[in-house]
Amino acid sequence: AEVAYLLEEEGLPREAAARVAAELARHPNALLRTMVEKELGVVVDEGRGALAGALTMGVSFAVAGLVPIVPFLVVPVESGTYAALAVSAAVLFAIGVLKTRWTKRNGFVSGLEVVALAAFAALAGFLFGTVLPALVGAPAAAG
């Protein structure tokens, strides 16, 4: 009944929606996939497999980890921190803009959101690694 209702909301006539829902009910995987896509707006894609996903994630982390390091190889160490912050913010902003290909949102706002989330994560890391240990009398994280 729920799938029929969702299909009616998509514009199918009530009888057609009921027929399609009844057919989907005979195929549990198709029914589940349809419900997830219609209710949550999430497209279920099987992908290439666990190994391909693991390799993609590993390469992504390696490349992303180089972003704040490369400026120290190019500029003097004294100004490397500022260069690393600027380059990291620029790359994060670009990632936010890139994700709008799929989200269809404003690129500038999306870029700022990603930079803000990263800044919040950095601040949280600083607080939990330095400030909080000092408050409770524990040694601060080495950095």
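**Figure 1. Ala118 in helix α7 of the predicted model.** Ala118 is partly exposed, its relative accessible area being 26%. The residue belongs to helix α7, which covers residues 107–136. Asn29 is shown with Ala118 as a distant partner in the view: the two are 89 residues apart in sequence, and their C-alpha atoms lie 37 Å apart in space.

**Figure 2. Ser110 and its surroundings.** Helix α7 also holds Ser110. With a relative accessible area of 0%, Ser110 is buried, because the value falls under the 20% limit for that class. When neighbours within four places in sequence are set aside, the contacts of Ser110 are Gly96, Lys99 and Thr100. Ser110 may be set against Ala118 of helix α7, for which the relative accessible area is 26% and the class is partly exposed.

**Figure 3. Lys104 in the loop between α6 and α7.** Helix α6 spans residues 77–103, and Lys104 is placed in the loop between this helix and α7. Phi of Lys104 is near 60°, a positive value in a residue other than glycine. Most residues other than glycine have a negative phi. Lys104 is exposed: its relative accessible area is 69%, and the class therefore follows from the limit of over 50%.

**Figure 4. Ile95 of helix α6 and Val115.** Ile95 is located in helix α6. Its relative accessible area of 44% makes Ile95 partly exposed. Although Ile95 and Val115 are 20 residues apart in sequence, the distance between their C-alpha atoms is 9.2 Å.

**Figure 5. Gly53 of helix α4 and Val74.** Gly53 is found in helix α4, which is formed by residues 50–66. The relative accessibility of Gly53 is 38%, and the residue counts as partly exposed. Between Gly53 and Val74, which are 21 residues apart along the chain, the C-alpha separation is 32 Å.

**Figure 6. The largest nonpolar core.** Six residues form this core, namely Val3, Ala4, Leu7, Ala17, Ala21 and Leu24. Two elements each give two or more residues to the core: α1, residues 2–9, and α2, residues 14–25. Leu7 is one of the core residues. Apart from neighbours within four places in sequence, Leu7 is in contact with Leu12, Ala17, Val20, Ala21 and Lys38. Among these partners, Ala17 and Ala21 are also listed in the core.

**Figure 7. The whole chain as context for the close-up views.** The protein contains seven helices and zero strands, and its elements run α-α-α-α-α-α-α from the N terminus on. The radius of gyration is 24 Å, well over the 15 Å that the globule rule gives for 143 residues, so the protein is more spread out than a compact globule. Along the principal axes, the C-alpha atoms fill a box of roughly 70 × 40 × 35 Å. Of the 143 residues, 15% are buried. Among contacts with a separation of 6 or more, 17% join residues 24 or more positions apart. The accessible surface amounts to about 10800 Å², and carbon and sulfur atoms account for 70% of this area. The protein carries 10 positive and 12 negative side chains, with the centres of the two sets 5 Å apart.

Key: Residues are numbered from 1 along each chain as its sequence is written. This is a predicted model: local features need pLDDT of at least 70, side-chain atom pairs count only at pLDDT 80 or more; totals for chains, interfaces and linings use all residues. Side-chain values use heavy atoms; hydrogens and water are left out. A nonpolar core is a set of buried Ala, Val, Leu, Ile, Met, Phe, Trp, Tyr and Cys residues joined through side-chain atoms within 4.5 Å. Buried means under 20% relative accessible area, exposed over 50%, partly exposed in between (1.4 Å probe, protein chains only). Helices (H or I, at least four residues) and strands (E, at least two) are DSSP runs, numbered from the N terminus. Contact means heavy atoms within 4.5 Å. The radius of gyration is taken over C-alpha atoms; the globule rule is 2.2 Å times the number of residues to the power 0.38. Accessible areas come from the Shrake-Rupley method with a 1.4 Å probe; for residues, only the protein chains shown count as cover. Lys and Arg count as positive and Asp and Glu as negative; His and the chain ends are not counted. The place of a charge is taken as NZ of Lys, CZ of Arg, CG of Asp or CD of Glu.
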